[in-house]
Amino acid sequence: MTTTPDPTNSLINPPQHGTLAVYYLRVSTREQAHKGGTDEGFSIPAQRDAVHRKAEQLGATIIEEFVDAGASAKSADRPDLMRMVNYVKQHRVAYCIVHKIDRLARNRADDVTIHLALQQAGVLLVSATENIDETPSGMLLHGIMSTIAEFYSRNLATEVAKGMTQKAINGGTNGKAPIGYRNIRLRDDQ
């Protein structure tokens, strides 16, 4: 039995120089988005630099940027993510570059939905920092990274709740002080 290469397989026929790419960047909180007194904080520019380096390695020209600054990845209902998905459906784009898979989604179901929408538009998802691709091992790594992102998000929520409960048990308040009290932060030698 002989097999012939699939001409649509991106590993056998990688996109040529001059191919087009978009990228998606995200930070979870408004505080991250404005850290350091800048319009974008520190993370967005760092992610942008990494995806530009990856585009250069791929020989791709970036034609559009999508940034959700201060948007949790717990939900896929983010303005620029939705705009990106619609954009790639209407424009011929070879790659969607993300800094890391967890910038795209923090739960497996959304990751699958987003990845499927990109595939249906003929767009290859690329991570600037993780070796994901359309090979079986690349797809396995993608699934593992997506699952780790979901675990991280759920575990963080559990740990925050545990800490808030302990603070309340110790007589503290969860959030701002009640009416009639002031929020004062005191530091001691410890």
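The following paragraphs examine the charged side chains of this predicted model, with attention to the salt bridges and to one arginine that lacks such a partner.

The structure holds six salt bridges. One of them joins the side chains of arginine 83 and glutamate 64, with a separation of 4.0 Å from N to O. This pair connects distant parts of the chain, since arginine 83 belongs to helix α3 and glutamate 64 to strand β2, 19 residues apart. Arginine 83 is partly exposed, with a relative accessibility of 39%. Glutamate 64 is likewise classed as partly exposed, at a relative accessible area of 25%.

A second example involves arginine 103 and aspartate 102, whose closest N and O atoms are 3.1 Å apart in a salt bridge. Here arginine 103 is buried, with a relative accessible area of 10%, and aspartate 102 is buried as well, at 15%. Both values fall into that class because buried means under 20% relative accessible area.

Helix α5, which spans residues 108-120, contains both members of another pair, aspartate 111 and arginine 108. The two form a salt bridge in which the closest N and O atoms are 2.8 Å apart. In sequence they are three residues apart, about one turn of the helix. Their accessibilities place them in separate classes: aspartate 111 is buried, at 1% relative accessibility, whereas arginine 108 is partly exposed, with a relative accessible area of 29%. Elsewhere, salt bridges that share partners join Glu64, Asp80 and Arg83 into one network.

Arginine 78 presents another situation. This residue lies in the loop between strand β2 (60-69) and helix α3 (79-90). Those two elements are also the ones that hold glutamate 64 and arginine 83, respectively. Arginine 78 is buried yet has no salt bridge. Why does aspartate 68, the nearest side chain of opposite charge, not provide one? The distance to aspartate 68 is 4.9 Å, and a salt bridge requires a side-chain nitrogen of Lys or Arg within 4 Å of a carboxyl oxygen of Asp or Glu, so the pair does not qualify. What arginine 78 does have is a polar contact with tyrosine 24, in which the two side chains are joined at 2.8 Å.

Taken together, the charged residues described here include a buried arginine in a salt bridge, arginine 103, and a buried arginine without one, arginine 78. They also include a partly exposed arginine whose salt bridge reaches from helix α3 to strand β2, namely arginine 83.

Definitions and conventions
Residues are numbered from 1 along each chain as its sequence is written. This is a predicted model: local features need pLDDT of at least 70, side-chain atom pairs count only at pLDDT 80 or more; totals for chains, interfaces and linings use all residues. Side-chain values use heavy atoms; hydrogens and water are left out. Helices (H or I, at least four residues) and strands (E, at least two) are DSSP runs, numbered from the N terminus. Buried means under 20% relative accessible area, exposed over 50%, partly exposed in between (1.4 Å probe, protein chains only). Lys and Arg count as positive and Asp and Glu as negative; His and the chain ends are not counted. A polar contact is a pair of N or O atoms within 3.5 Å; within protein, one must be able to donate a hydrogen and the other to accept it, and residues adjacent in sequence count only if both atoms are side-chain atoms.
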